[in-house]
Amino acid sequence: MQYMSTRGTTSGINFKDAVMMGLADDGGLLLPESIPSLSPGDIAALTKMAYPDLAFRIISMFAGNIPAADLKQLIDKSYQTFSHSEVAPVVHKDGIYILELFHGPTRAFKDIALQFLGNMFEYLLKQSGAHMNILGATSGDTGSAAIYGVRGKENINIFIMHPHQRVSPIQELQMTTVTDPNVFNLAIRGTFDDGQRIVKEIFGDLDFKGSMSLGAVNSINWARVLAQVVYYFYAFGRVQRATNCQEVYFSVPTGNFGDIFAGYIAKRMGLPIRRLILATNENDILTRFINQGDYSTAQVVPTPSPSMDIQLASNFERYLFYLFNQDHAKVRNAMAELAANGRLKFEAEDMTRVANDFLAGSATRQETLDTIQAFHKATGYTLDPHTAVGVKVGKELTGGEVPLICLSTAHPAKFGEAVKQAIGEDPEMPPEFKGIETRERRCEILDADTETIKDYISRKALR
Ligand SMILES: *Cc1c(COP(=O)(O)O)cnc(C)c1O
């Protein structure tokens, strides 16, 4: 399988290079040059498999130049760190199916992709005899999943900036209690935006980027999307076995359009998804796009589901490529228009195609908390606030025609404050959170200044 850029000037890239590259040289995002089309028989066989075997089969279709035995080993290793034997179990509550994606080491769904990406990076670097210094900024969740993805790995150091004393206590502890020598937590005296700006400035200094072998683990990496395609197949198989259904809905709480785009790929491969339900919080740019054809940026407002508080969805360009019938020039024009005007307008014909794939809705802060409370009352099951957004929207937009599978993206204890507000008690703690505040920590507090961070990296980077 070869990869190409959405913008059309980069193509013929193999899987290994696509993983190492992240963003394409022309500024676009990488996509496979074709998407395998599976028959109902293929799908029936796949969806019977255990999670790691299924992951191997799906990922193999896109990772042609990795020897099968190596790939199998990487995948098995990636999912052995999960605390549930099924990796991503499906539970049936209150008439809906909840796909629990939070059994990884940091208790959020990003582990499913980042455990795999960390192992893949280590493998590829070992093969090429190279090394990599990963740099990222986090507002909480992604940072810890990335750190757990590469802790202790050979030939990789990771530098993650978080805003000092502005992430939740549990998020800060999850990051700073990782004391492996290749992990560098930088608490910067500033905001998350400062962290993002510093990352951008450092990556913009191409000499520094090159001499330090800087790399990223952001959500546009194709390997992350690919690892997420797997659980759509897995969940479909489990629900089909329980209900004998022909089709399902998936409701996906969405921020950067990564998770739901993986569902879109699964649909294009032939998985019988009637519609993907896109669920947003008050930061509803993607819902406005789907329901009104209006993709225009607004101010980010803080919500109880902070991992979905985004302005521009970094994976959206990938969907545009398919929406525009794989017309690279149309994608280039749209991205230029978006950069210039902060908005995109769509034709009626485009919107008909969007409506064949997606339904969309959003949930306010109050609706999110009310959903957690009502669900808890009815079932005793505690939803995290991100999952609650998906449950609220999914229930609202469907009427039992086919089973509804809601993706659960985080363990409720990661967002304990909002959950407590909703149900009046603390959510149950996963065992590894207990006593975390007494563990050894490692973190450097630095000014939110690009030169200061560069200086720190150059002293600690692998060379
Ligand atoms: C990142 C994240 C999301 C959003 O996923 P996208 O791929 O950005 O759409 C939802 N919930 C949680 C808990 C997350 O960490």
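These are my notebook entries on a few sites in this structure.

**Entry: the model**
I am working with a predicted model. I kept that in mind for every entry below.

**Entry: annotated domain**
I started with the UniProt record. An unreviewed entry there places the feature "domain: Tryptophan synthase beta chain-like PALP" at residues 96–324. I looked up the secondary structure of that stretch. Residues 96–324 are 46% helix and 20% strand. The C-alpha atoms at the two ends of the stretch sit 34 Å apart.

**Entry: Lys110**
Next I took the lysine that the record points to. UniProt lists Lys110 for "modified residue: N6-(pyridoxal phosphate)lysine", again from an unreviewed entry. I found Lys110 in helix H5. Is Lys110 buried or exposed? Its relative accessibility is 14%, so I logged Lys110 as buried, the cut-off being under 20%. I then listed its contacts, leaving out neighbours within four places in sequence. Lys110 is in contact with Thr142, Ala145, Arg224 and Ser307.

**Entry: Asn119**
I stayed in H5, which covers residues 110–128, and moved to Asn119. Asn119 has 3% relative accessibility and therefore counts as buried. Which side chain does the Asn119 side chain meet in a polar contact? The partner is the side chain of Lys153, at 3.1 Å. I also noted what Asn119 touches beyond four places in sequence: Leu74, Lys77, Ser78, Gly149 and Lys153. Lys153 is thus on the contact list as well as being the polar partner.

**Entry: Asp180**
I looked for Asp180 and found it in a loop. That loop runs between helix H7 (169–176) and strand E7 (183–189). Asp180 counts as buried because its relative accessibility is 18%, against a cut-off of under 20%. With neighbours within four places set aside, Asp180 is in contact with Arg151, Gly152 and Arg442.

**Entry: helix H11**
I checked how covered H11 is. This helix spans residues 258–268, and 10 of its 11 residues are buried. The buried ones are Gly258, Asp259, Ile260, Phe261, Ala262, Gly263, Tyr264, Ile265, Ala266 and Lys267. I wrote down the backbone just after H11 too. Gly270 takes a positive phi there, about 115°.

**Entry: helix H13 and Phe316**
How many residues of H13 are buried? I counted eight of the eight, so H13 is largely enclosed by the rest of the structure. The buried set includes charged side chains, Glu317 and Arg318. After H13 comes Asn325, with a positive phi near 50°.

I then picked Phe316 from H13, which covers residues 316–323. At 3% relative accessibility, Phe316 is counted as buried. Its contacts, without neighbours up to four places away, are Asn256, Phe257, Leu286, Phe289, Tyr295 and Phe346. I also looked up one C-alpha pair. Phe316 and Ile220 are 96 residues apart along the chain, and their C-alpha atoms are separated by 9.7 Å.

**Entry: second largest pocket**
I finished with a pocket. The second largest one holds about 260 Å³ of space. Which residues lie nearest its centre? I noted Thr382, His411, Pro412, Pro427 and Glu428, from a lining of 14 residues. I sorted the lining by class. It has seven nonpolar, three polar and four charged residues.

Conventions:
Residues numbered from 1 in each chain as written. Predicted model: local features only at pLDDT ≥ 70, side-chain atom pairs only at ≥ 80, totals over all residues. Heavy atoms only, no water. Helix = DSSP H or I, 4+ residues; strand = E, 2+ residues; numbered from the N terminus. Buried < 20%, exposed > 50% of the residue type's maximum accessible area, 1.4 Å probe, protein only. Polar contact = N/O pair within 3.5 Å; in protein donor to acceptor, adjacent residues only side chain to side chain. Contact = heavy atoms within 4.5 Å. 1 Å grid on protein atoms, 1.4 Å probe; cavity = no way out; pocket = protein on both sides within 12 Å on 5 of 7 lines; lining within 4 Å. Points joined across faces, edges and corners; volume = space filled by probe spheres on them. UniProt positions renumbered as here; feature names shortened; annotations may be inferred.
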